[in-house]
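Hello,

Here is the structure I promised to send over. Have a look at it first, and my notes follow underneath.

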Amino acid sequence: MKRKEIIKLARKDFEKAWVETAHTLKRPHHDDEYPRLHLNTGQSHMLYDTIWEIRQAYLKLGFNETVNPLFVDEEDIYKQFGPEAPAVLDRCFFLAGLPRPDIGIGLDKIQVIEEIGVSLNEDKIQALKDIFRSYKKGDESGDDLVHDVSMALEVGDALGLRILENVFPELRELKPVPGRTTLRSHMTSGWFLTLQSMHNKRKLPIKLFSIDRCFRREQREDLSHLMTYHSASCVWADDEVSLDMGMAVSESVLEHFGFEKFKYVPDEKKSKYYIPGTQTEVYGYHPKLKEWVEVATFGIYSPIALSSYGIDKEVMNLGVGAERIAMILHKQTDVREMVYPQTYEKWYLSDRELATMLRINYYPFTGEGRDLMESLLMTGKENGNVHSPCEFVAFEGEFLGKDIRVKIVEPEEGTKLLGPAAWNRVYISDGNIIGVPENNADDDLSIKAINNGIPTGISYMDGVAAYASYKIEEMIVSNTNEMSIRTTLSKSLSDINLKLDKVALNYITGNNRVIDLRGPIFTTITCEILE
C-alpha cells in the first residue's frame, strides 16, 4: 500500500491504517544492515586530552594563555644560556633556505627553449629576464615562478615547468644554506622574548602560560625521547617572586590531575638561565599509581639573562612536559607508541571492528530481488532436510516484468535438499572468522565463538540465496531464459558469496588468525522464464 493510500485510509480507520504501515518498511541493502552498519564515535588523542586538561588547570589559576615565538635567533641562546649556549645549540635545529641564484639567459638557453617548441622574440626574452631578476631580489615568490615564466613565454603551466626543468638546471641543483635561526628547543627561549615585549605593558603580577611544541635534535628517538615535544610552561613576573610561588603553582596545577602529595628536590642540572639553587624538580604521588614520579621543574630566572632583555622584574618559570603527564596518567611506557600509535603501536582490531568489514558480496539490487532472497531462504529452511531426489518451488510469478519460476533442486538420491553446513552461522571470534554449525557446535573454537564472539547474522545460505537472487535479476535484464547455480563445498569466503575488506584480511593473515568457513552446502537453485 502506498503512503497516500495509507493516509487516506487513516482518515477512515486509523487503527487499520496504523497496522498497514508495517508493510511500508523495506528491507535495507545487506551492506546497510547491522552489524555491517556501525557508527563509531571519533576518538581523541590522549596527548591532546592531557594538553586540554593542563590548559584548564592554568586558566583556573588565573594565567593568561599566550603563543611564544617559535623561531629563536642563535644570539638569543647566548643571551639566555651564557656559557651553556654551545651545548644547547648542539641540540637545536637550525633553519636553512635555498639561495636565489643569478639566472642568465644566453643564446644556448634560448636555442633549447625554441627546440622545445616555444617561439621567442625580444619581448618574451626580456619578460623572462625581468622575472628571474625579480626572483633573485626576493620580489618574486618561488610558488609563482612556474606560472609567471609560463605567462612570459605565453605557454601553458605544464610546458613552463618543463622549460624550467630542462633549461635552467641551476634551480634544480640548489643546496640549502643554513642560517642562524633555530627552532625553539626550550620554552624558556620564547619566554624571554615575550617578556621583553610586555613586561612594562601589563599590571603586575604578569601570569602567562603557553603549551606548544619544542624541537630538540636528539641523537635518537627512544622510549622517553622525541625530536619534538609539548612544553606546558608558565611564568609569574612580579617585583618580588620566591621559590614558594613555584611550589604553590606546581601543586595547584598537578592537583588538577589527582596528585595529592608533593616533594621538591634540587635539580642537579643547574641551568644557567636560573638563579643558582632555585632550579627544582617536582615529584608527585598519585593514589592510583601508588608511586612518586617526576612531573615538573621550576626555578627563578637569572637577573643576568633577564637584564639582556631589559627586564627588571623577578620571574618564576614552571615547566611541565605534556607527554610526561600523559604517559603517567595513561600508564604508557613508550612515548613513541603513545604519540605515534599509527607507527609504533601494535596493530589491533576488535572483533566488533572486523564484523563491520565482512559483508555479502553479490546482493540483489531491487526490492523484488530481496523478497526473492527471503523466499529462497524460507523454502530452504522449511524443506532443507527432505530426502532427495526432490525439488521445491521457492517463487513463481511476476518478477521485474517477467513471469518466472524459481526452484531449489536436489536430483541425486540418498542426500537431502540442502547439505549439513547450509545453515552454519558466521562468527568473529578472537580475530578469527569461523563458520559455526547451527545446532551441534562441539569443537572448542565454535563454542568459544558462540560464548564470546560476535555473530555476524550471516548464514552460508544467506550468501548463496543473495547470489542466486542477484543472478536472477541479471538474467532478467540480459533476456536470458534460464539459469542454474550449483554450490557444493564451501572452502573460502567467495564460496558463500562473502567479501572481506582488505584491511581486515591483512590483519587476520598478519596475526596468524584463520578464516575457516568449510562445510558441505550442496544446493542447486534454478530459474526459468515462463511462456
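Tyrosine 301 is a buried residue in this predicted model: its relative accessible area is 1%, and the cut-off for buried is under 20%. You will find tyrosine 301 in the loop between strand S9 (291-300) and helix H13 (303-307).

What does its ring pair with? A search of the whole structure turns up 17 aromatic pairs. In one of them, the rings of tyrosine 274 and tyrosine 301 are stacked, because their centres are 5.8 Å apart and their planes meet at 20°, where under 30 degrees counts as stacked. This pair links distant parts of the chain, with the two positions 27 residues apart in sequence numbering; tyrosine 274 belongs to the loop between strand S7 (261-266) and strand S8 (280-286). Tyrosine 274 is buried too, at 6% relative accessibility.

Another aromatic pair joins tyrosine 285 and tryptophan 292. Here the arrangement is tilted, with 5.5 Å from centre to centre and 55° between the planes. Tryptophan 292 is partly exposed, its relative accessible area being 33%.

Tyrosine 274 and tyrosine 301 also belong to a cluster linked by ring pairs, together with Phe81, Phe192, Tyr273 and Tyr309. Over the ring of tyrosine 309 sits the charged end of lysine 79, 5.0 Å from the ring centre. A similar note for phenylalanine 63: lysine 207 lies over its face, at 5.3 Å from the centre of the ring.

Now to the strands. An open sheet is formed by 7 strands, in the order S1-S5-S6-S10-S9-S8-S7, with mixed pairing. Which strands stand at the edges? They are S1 (64-65) and S7; each has a single partner strand, so one side of each has no neighbour in the sheet. The partner strands S7 and S8 run antiparallel and are joined by 6 bridges. Along them, proline 266 stands opposite threonine 280 in S8.

Finally, a residue from a helix. Serine 150 lies in helix H8 (residues 145-153) and is buried, with a relative accessible area of 1%. A polar atom of the serine 150 side chain is 2.7 Å from the backbone oxygen of valine 146. If you set aside neighbours within four places in sequence, serine 150 is in contact with Val155, Gly156, Asp157 and Gly160. Proline 303 is a long way off, with 57 Å from C-alpha to C-alpha between serine 150 and proline 303.

Do write back with any questions.

Best wishes

Methods. Residues are numbered from 1 along each chain as its sequence is written. This is a predicted model: local features need pLDDT of at least 70, side-chain atom pairs count only at pLDDT 80 or more; totals for chains, interfaces and linings use all residues. Side-chain values use heavy atoms; hydrogens and water are left out. Helices (H or I, at least four residues) and strands (E, at least two) are DSSP runs, numbered from the N terminus. Buried means under 20% relative accessible area, exposed over 50%, partly exposed in between (1.4 Å probe, protein chains only). Contact means heavy atoms within 4.5 Å. A polar contact is a pair of N or O atoms within 3.5 Å; within protein, one must be able to donate a hydrogen and the other to accept it, and residues adjacent in sequence count only if both atoms are side-chain atoms. Rings of Phe, Tyr and Trp (its six-membered ring) pair if their centres lie within 6.5 Å; planes under 30 degrees apart count as stacked, over 60 as edge-to-face and the rest as tilted. A charge sits over a ring if NZ of Lys or CZ of Arg is within 6 Å of the ring centre and within 35 degrees of the ring normal. Two strands pair if DSSP finds at least two bridges between them.
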